[in-house]
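This report walks through one protein model. It takes the strands, then the backbone, the aromatic rings and the empty space.

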Amino acid sequence: MIKLNGVQLSEKTFPNGETLVDGEEVWDSIRAYNHIFFKYENDADLIKLMFLKKHLDADNHFCDLEIAYMPYSRMDRVEGFSVFTLKYVCEFINQLKFNRVSVHEAHSDITAALLENVVILDTTSSLLCEVKDIVEFDPEVDYIFYPDAGAQKRYGKQIEKNELVGFKKRDFKTGNISSLKVIGEMEPGRKVIIVDDLSSRGGTFMFSAAELKKLGAGEIFLVVAHCENTIFEGSIPESDLIKKVYTTNSIISESKHKKVEIIRHLGDK
């Protein structure tokens, strides 16, 4: 999905599947300085982005880009015969020569290293501030939990009085978590907010919540900037371990499940 200066561009194709760009629609949305909001849904969106930017370039229109979720973020390294797809997508975007590229919560530092003229938006931390108010989080007695050292490094910049960190081990063959230890002490009965950038099926967070409950945690909430549709296939929606998930629309567009709530709609400007 692509918005030009706040206007969502229509999804049209020719009978053979080629992308049809509505030039009149684009013309009506053009400004002196243009802003493209890009929400990746499939690879066809990358082609649409290219056509739109080239069209704007033809008339010398300045333009910046806002990316809700950076596609191929997980493929940020080469292991064995894997393909470094994040690098190639970043190169594709760089070739379009945007004046600025803003990315909501990059999954790793590699995105920032590969993209030109990039600004990484700390969307998770700002979400956390909102959620603290919603759940009536008391910083004097309640806890923030980071599932691993990477999350603590990214989001622990605002010093919390009560922080807990997870130390997890994975099975090398399956990739599944084999164990998770909570580092830190907790007073029983207190609220805990788990903080990270991305949730897929939510296995890590369920594992974390189970360990936190063993330590006596009260209500447990999850804050993630990016939430994939696969979360509804995992056990979080039907489990009592995590009371609620708070996220943005960077990947999922809506949630009909009371357990998963979108509290930030990116691109609504």
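In which sense do strand S1 and strand S3 pair, and over how many bridges? The model is a predicted one. In it, S1 (residues 2-4) and S3 (residues 33-38) pair in the antiparallel sense, over three bridges. One contact can be named: leucine 4 has isoleucine 36 of S3 as its bridge partner.

**The sheet**

Both strands belong to an open sheet of six strands. The order is S2-S1-S3-S4-S5-S6, and the pairing is mixed. Strand S2 (7-8) and strand S6 (118-121) stand at the edges. Each has a single partner strand, so one side of each is left without a neighbour in the sheet.

**Backbone with positive phi**

Most residues other than glycine have a negative phi. Two asparagines depart from that pattern here. Asparagine 5 is not a glycine, yet its phi is positive, about 50°. Asparagine 5 sits in the loop between S1 and S2. Asparagine 60 also has a positive phi, near 60°. Its loop runs between helix H2 (44-58) and strand S4 (62-67). Is asparagine 60 buried or exposed? Asparagine 60 is exposed, with a relative accessible area of 68%.

A glycine joins the list. Glycine 216 comes just after helix H7 and takes a positive phi of about 100°.

**Helix H7**

H7 covers residues 203-214, twelve residues in total. From its first C-alpha to its last, H7 reaches 17 Å. That is close to the 16 Å expected at 1.5 Å a residue. Which residues of H7 are buried? They are Thr204, Phe205, Met206, Ser208, Ala209, Glu211 and Leu212.

**Aromatic pairs**

A pair of aromatic rings is described by the distance of the centres and the angle of the planes. The structure holds three such pairs. One of them joins tyrosine 33 and phenylalanine 62. Their ring centres are 6.2 Å apart and their planes lie at 5°, so the pair is stacked. Tyrosine 33 lies in S3 and phenylalanine 62 in S4, so the pair ties together parts that are 29 residues apart in sequence. Tyrosine 33 has a relative accessibility of 43% and counts as partly exposed.

Another pair is made by phenylalanine 221 and tyrosine 246. Here the centres are 6.5 Å apart and the planes stand at 40°, so the pair is tilted. This pair, too, links distant parts of the chain. Phenylalanine 221 is in strand S11 (residues 220-227) and tyrosine 246 is in strand S12 (residues 244-248), 25 residues apart. Both phenylalanine 221 and tyrosine 246 are buried.

**Cavities and a pocket**

Rolling a probe the size of a water molecule over the atoms shows where empty space is left. The count comes to three cavities of 30 Å³ or more. Two of these cavities, and one pocket, are set out below.

| Space | Volume | Lining by class |
|---|---|---|
| Largest cavity | about 160 Å³ | six nonpolar, two polar, five charged residues |
| Second largest cavity | about 50 Å³ | three nonpolar, two polar, two charged residues |
| Second largest pocket | about 300 Å³ | five nonpolar, three polar, six charged residues |

Take the largest cavity. It is lined by 13 residues. Leu9, Ser10, Leu20, Val21 and Lys48 lie nearest its centre. Helix H1 (23-29) and H2 each supply at least two residues of this lining.

The second largest cavity has a lining that can be listed in full: Ile93, Asn94, Lys97, Phe98, Val101, Glu116 and Asn117.

Now the second largest pocket. It has 14 lining residues, of which Glu105, Asp109, Ile120, Arg154 and Lys157 lie nearest its centre. The elements that give two or more residues to the lining are helix H4 (109-114), S6 and helix H6 (149-155). Which of these elements gives the most to the lining of the second largest pocket? H6 does, with four residues. S6, one of the contributors to this pocket, is also an edge strand of the sheet.

Conventions
Residues numbered from 1 in each chain as written. Predicted model: local features only at pLDDT ≥ 70, side-chain atom pairs only at ≥ 80, totals over all residues. Heavy atoms only, no water. Pairing = 2+ DSSP bridges. Buried < 20%, exposed > 50% of the residue type's maximum accessible area, 1.4 Å probe, protein only. 1 Å grid on protein atoms, 1.4 Å probe; cavity = no way out; pocket = protein on both sides within 12 Å on 5 of 7 lines; lining within 4 Å. Points joined across faces, edges and corners; volume = space filled by probe spheres on them. Nonpolar A, V, L, I, M, F, W, Y, C, P; charged D, E, K, R; others polar. Expected span 1.5 Å × (residues − 1). Phe/Tyr/Trp six-rings, centres within 6.5 Å; stacked < 30°, edge-to-face > 60°.
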